Amino acid sequence: YGVTCGSTGEIIELDLSHNNISGSTPDELSAMANLRKLNFTYNNLTGISSSIVALKKLRSFEMYHNENMGRIPLEVIDFLQNLLTKDEQKISEKLRSLVKNSDQEYFVRSIPNQAFEWIVKQSSE
């Protein structure tokens, strides 16, 4: 369930949606060097581990509907920026400019396929 392997048995897709996972994304994910798609939607995540930046082949990272997400380290945001379309990158830069100076080291950004739903929701509260 939720695991897709490549022709040589390496894990290339991991769907962990709807699994009631809590806490931060596990550091052990960094060992999956060939991972291209990762889905953590509809869980109870509270953070993203910096170890995710080791996933150099990652092309899709979904984690919407994790309502208690905290702040995400800037190095993770910079890494995930590469997964955004050019239009999403433009929106992201505009949203980043709205961050208060005290929050410059961290910023929560939506992940592809979310159209910045979480940020828009948070900024309107």
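**Questions on a predicted chain**

Student: How many residues does the chain have, and what share of them count as buried?
Tutor: This is a predicted model, and its chain has 125 residues. A residue counts as buried when its relative accessible area is under 20%. The share of residues that count as buried is 39%.

Student: In what order do the elements of the chain run from the N terminus?
Tutor: The secondary structure comes to six strands and three helices. Starting at the N terminus, the order is β-β-β-β-β-β-α-α-α.

Student: Where does asparagine 20 lie, and is this residue buried or exposed?
Tutor: Asparagine 20 is not a glycine, yet its phi is positive, near 55°. The residue lies in the loop between strand 2 (11-15) and strand 3 (22-24). Exposed means over 50% relative accessible area. Because asparagine 20 has 59% relative accessibility, it counts as exposed.

Student: Why does histidine 65 count as partly exposed?
Tutor: Histidine 65 lies in the loop between strand 6 (60-62) and helix 1 (74-81). Its phi is positive, about 65°, although histidine 65 is not a glycine. Partly exposed covers the range between under 20% and over 50%. Histidine 65 therefore counts as partly exposed, with a relative accessibility of 30%.

Student: What percentage of contacts between residues at least 6 apart in sequence join residues at least 24 apart?
Tutor: The contacts considered are those in the chain between residues at least 6 apart in sequence. Of these, the share that joins residues at least 24 apart is 43%.

Student: What share of the area that the chain exposes do carbon and sulfur atoms supply?
Tutor: The chain exposes about 7,300 Å². The share supplied by carbon and sulfur atoms is 50%.

Conventions. Residues are numbered from 1 along each chain as its sequence is written. This is a predicted model: local features need pLDDT of at least 70, side-chain atom pairs count only at pLDDT 80 or more; totals for chains, interfaces and linings use all residues. Side-chain values use heavy atoms; hydrogens and water are left out. Helices (H or I, at least four residues) and strands (E, at least two) are DSSP runs, numbered from the N terminus. Buried means under 20% relative accessible area, exposed over 50%, partly exposed in between (1.4 Å probe, protein chains only). Contact means heavy atoms within 4.5 Å. Accessible areas come from the Shrake-Rupley method with a 1.4 Å probe; for residues, only the protein chains shown count as cover.
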